[in-house]
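Me: I should like to learn how to read burial and contacts in a structural model. Could we work through one case together?

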Amino acid sequence: MPPPDLAEPGPSTPPPDRPAPLRLPVAAALAVAAGVALLLALPPYDLWWLAPAGVALLAAAVHRRRLRAGLGLGFLAGLVLFFPLLEWTRIAAGFAPWALLSTAQAAVLGLAGLAGAWLSPVIDRWRALWPLLTGLLWVADEALRDRAPFGGFPWGRIAFSQGDAPSLRLAAWGGAPLVTFAVAAAGGTLVALAWRRWSAAALLPAAGFAVAFAVLTAGPAAVPLSAPAGPSRTVAIVQGNVPRLGLDFNAQRRAVLDNHVSATRQLAIDVAAGKQPQPDLVVWPENSSDIDPLRNTDAAQEISDAARAIGVPILVGAVLRTDNPADIKNAGLLWMPVTGPDLTQTYVKQHPVPFAEYMPLRSVARLVSDKVDLVKNMLAGDHAGVIDTGALTLGDVICFEVAYDGIVRDTVTEGAQILTVQTNNATFDEGEARQQLAMVRLRAVEHGLDSLMVSTVGVSAFVDTAGGVHGATAFNTAGVVVHKMSTGGTRTLATRSGIWPEAIAVALTVILLVCAWPMRRRRTITSTGVESTEAR
């Protein structure tokens, strides 16, 4: 019989070189805290430094747990994060869609918890891998959430919380996936550091983790950013506002159009008086003309009068009807001051929002509620939003499309000199608008292009290539902002590399999950849900 100090640990006793796992109630509390921290890191709270803390809390909660416990803890953190984050969807869609969307998002985050529990044996064997594994897991989890189901919903990505953080600059090297990786890896470093025993033997590894955390959080400040090299152009954004927030803004379609026409005419008066510089382009938001100007002569005349008054093209956000009354298109339509609409320079939204702008499985959904037929069928466009205005070339995306990496990148690779985001936040709230603006900030850095976001009700703003915001408007007000934007620029590494950073991270995650299988076969689970080291 071996001496007591050399005896094998029992089923519920971790080996001496491994920290004791957390009790389940403590783990659940940490999962809730993780969800809160991740929520507060995102707009409108913008406490970006809480993002790595949230990642660390969830990683600690799921470490050495049963797989179903890891899944449940990740799901719990997701519920705490997504229900308040996506609360603005309830304004437009009601409780059921809000609950379903938030629960679906939380379920995908639950998979990250499950994967973290699955990789516990690897982390126990090689503690130094914890930052790398955590970073890869979060990138892979977001990659799944960005694509499924029904085209995905990328809201709440860690990268979108870093608008004021040094890590935002990493977007120029690897886009949103690299920013997420760095922040999550910093969280993995935090938990690895916290789980280290503070003994003399652990001081050197602890110092190494501390250095790694500092590099991951502060190091990106040294990342150089390229400035646009092309000539400057003056652009005006018009936020016409709506009579009332909420869904009934659609019942006030003519009033919304009139608001944008009047604001543009006033801009023309101010330009003539020398109060504002002459713009090269005016950009109106999504839904600025819910009356189809290609079919309604009154609407067309109003827009033409505004374009002639200002003397430059207007990018109009228009809802276009089709020969089928049930089908519509959400478009950015270039309106010239003399010749009117240029149909060769029109962008149709490529990614309509499921259950809001079109109804998937309509025949099945109709069995649940006949309200589904209130949702029209928005037809998707088939090409990137590259619009040549004469003075400059726009990369146009509409509303939620700014959250999707590929849609934005396609406009840049096809020649965009600036990025424009036309959106309508009248059916949501200021929190949702600020969440979108955070995405615009990341895109500007990612592709090295000056950018703008223009909304019917706010927040509208210009963004430079360092993510700085200029001329931001208040919410639920009317306003016109004129700003000089630089065009062109050298393509960033993120633009050139495209999907490859994310694809490599996902591939590595899959390989690591598969490689962990032999190690898991040598582990058992006690009745309390804590893993032990006895052979199966």
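Reply: Certainly; please begin with a single side chain.

Me: Is cysteine 515 buried, partly exposed or exposed?

Reply: The class follows from relative accessible area: under 20% is buried and over 50% is exposed. In this predicted model, cysteine 515 has a relative accessibility of 49%, so cysteine 515 counts as partly exposed.

Me: What is the relative accessible area of cysteine 399?

Reply: The value for cysteine 399 is 5%, and this residue is therefore buried.

Me: How many disulfides does the structure hold?

Reply: A disulfide is assigned when two cysteine sulfur atoms lie within 2.5 Å. Here the number of disulfides is zero.

Me: Why does serine 451 count as buried?

Reply: Serine 451 counts as buried because its relative accessibility is 1%, with the cut-off at under 20%. This serine belongs to strand E10, which spans residues 451-455.

Me: What lies 3.0 Å from a polar atom of the serine 451 side chain?

Reply: The backbone oxygen of leucine 449 is found at that distance.

Me: Which residues does serine 451 touch, leaving aside those up to four places away in sequence?

Reply: The list comprises Leu419, Val440, Ala444, Ala461, Phe462, Val463 and Met485.

Me: What share of the 536 residues in the chain is buried?

Reply: Buried residues constitute 55% of the chain. The chain contains 16 helices and 15 strands. Of its contacts with a separation of 6 or more, 71% join residues 24 or more positions apart. About 21,400 Å² is exposed by the chain, and carbon and sulfur atoms supply 63% of that area.

Methods. Residues are numbered from 1 along each chain as its sequence is written. This is a predicted model: local features need pLDDT of at least 70, side-chain atom pairs count only at pLDDT 80 or more; totals for chains, interfaces and linings use all residues. Side-chain values use heavy atoms; hydrogens and water are left out. Helices (H or I, at least four residues) and strands (E, at least two) are DSSP runs, numbered from the N terminus. Buried means under 20% relative accessible area, exposed over 50%, partly exposed in between (1.4 Å probe, protein chains only). Contact means heavy atoms within 4.5 Å. Accessible areas come from the Shrake-Rupley method with a 1.4 Å probe; for residues, only the protein chains shown count as cover. A polar contact is a pair of N or O atoms within 3.5 Å; within protein, one must be able to donate a hydrogen and the other to accept it, and residues adjacent in sequence count only if both atoms are side-chain atoms.
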